[in-house]
Amino acid sequence: MNTTWASVFEHPDTDPSADRTVIDRAGQRTLLVPVADQADAPRVAKELVEREGVSLIELCGGFATATVAAVIAEVGDRVAVGHVTYSVDAIRPAAAYAEQFTD
């Protein structure tokens, strides 16, 4: 059985079509797909489902809850959407990391 899933994460100045990484082994195809801005994630997710046949999308833990909801709304119930979360002991380091990107 061949399956395709994608991991979507935010990375500045990237093109989700050109800058992706593909791992294709033993019937499993994995796409690592950057988006330049979280706001692009719903559109990119829809394209992944429609053009790449993705059956599972994992979203980076740094994505806001509103972004996750927008992705889910865009792809509907066609695919599973996961959202990485952080354990309690990782909250402070995750917040410190995020502070680097706050204006």
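1. Helix–helix contact. In this predicted model, residues A41, P42, A45, K46 and V49 of α1 meet T67, A70, V71, E74 and V75 of α2. Sorted by class, the contact of α1 with α2 holds seven nonpolar residues, one polar residue and two charged residues. The two helices pack at an angle of about 35 degrees, and their axes are 8 Å apart. The crossing of α1 and α2 is right-handed.

2. A69. This residue lies in helix α2. A69 has a relative accessibility of 43%, so it counts as partly exposed, the range for that class being 20% to 50%. Its C-alpha atom is separated by 9.0 Å from that of P42, and the two residues are 27 apart along the chain.

3. Sheet order. Five strands form an open sheet with mixed pairing, in the order β2-β3-β1-β4-β5. β2 and β5 (80–83) are at the edges with a single partner strand each, so one side of each has no neighbour in the sheet. On average, and with direction ignored, neighbouring strands are turned by 15 degrees against each other.

4. Strand pairing. β2 (residues 21–25) and β3 run antiparallel and are joined by five bridges. Within this pair, I23 has T30 in β3 as its bridge partner. β2 and β3 form a hairpin with two residues between them, and A26 in the turn has a positive phi of about 50 degrees. β1 and β4, by contrast, pair in the parallel sense over four bridges. W5 stands opposite L56 in β4.

5. Helices on the sheet. α1 lies across β1, β3 and β4 and runs at about 155 degrees to β3. α2 lies across β4 and β5, with an angle of about 175 degrees to β5.

6. Nonpolar core. The largest nonpolar core has 18 residues, of which V8, L48, I57, L59 and F63 touch the most other members. Two or more residues each come from β1 (3–10), β3 (28–35), α1 (41–52), β4 (56–59) and α2 (65–75). α1 gives the largest share of this core, five residues. In soluble globular proteins, nonpolar side chains tend to be buried together.

7. I57. Beyond its neighbours within four places in sequence, I57 is in contact with A6, V8, A45, V49, V75, V79, A80, V81 and G82. Among these contacts, A45, V49 and V75 also appear where α1 meets α2.

Key. Residues are numbered from 1 along each chain as its sequence is written. This is a predicted model: local features need pLDDT of at least 70, side-chain atom pairs count only at pLDDT 80 or more; totals for chains, interfaces and linings use all residues. Side-chain values use heavy atoms; hydrogens and water are left out. A nonpolar core is a set of buried Ala, Val, Leu, Ile, Met, Phe, Trp, Tyr and Cys residues joined through side-chain atoms within 4.5 Å. Buried means under 20% relative accessible area, exposed over 50%, partly exposed in between (1.4 Å probe, protein chains only). Contact means heavy atoms within 4.5 Å. Two strands pair if DSSP finds at least two bridges between them. Axes are lines fitted to C-alpha atoms, for helices over the stretch in contact, and angles run from 0 to 180 degrees between N-to-C directions. A crossing is left-handed if the near helix is turned anticlockwise from the far one by less than a right angle, and right-handed if clockwise. Ala, Val, Leu, Ile, Met, Phe, Trp, Tyr, Cys and Pro count as nonpolar, Asp, Glu, Lys and Arg as charged, and the others, Gly among them, as polar.
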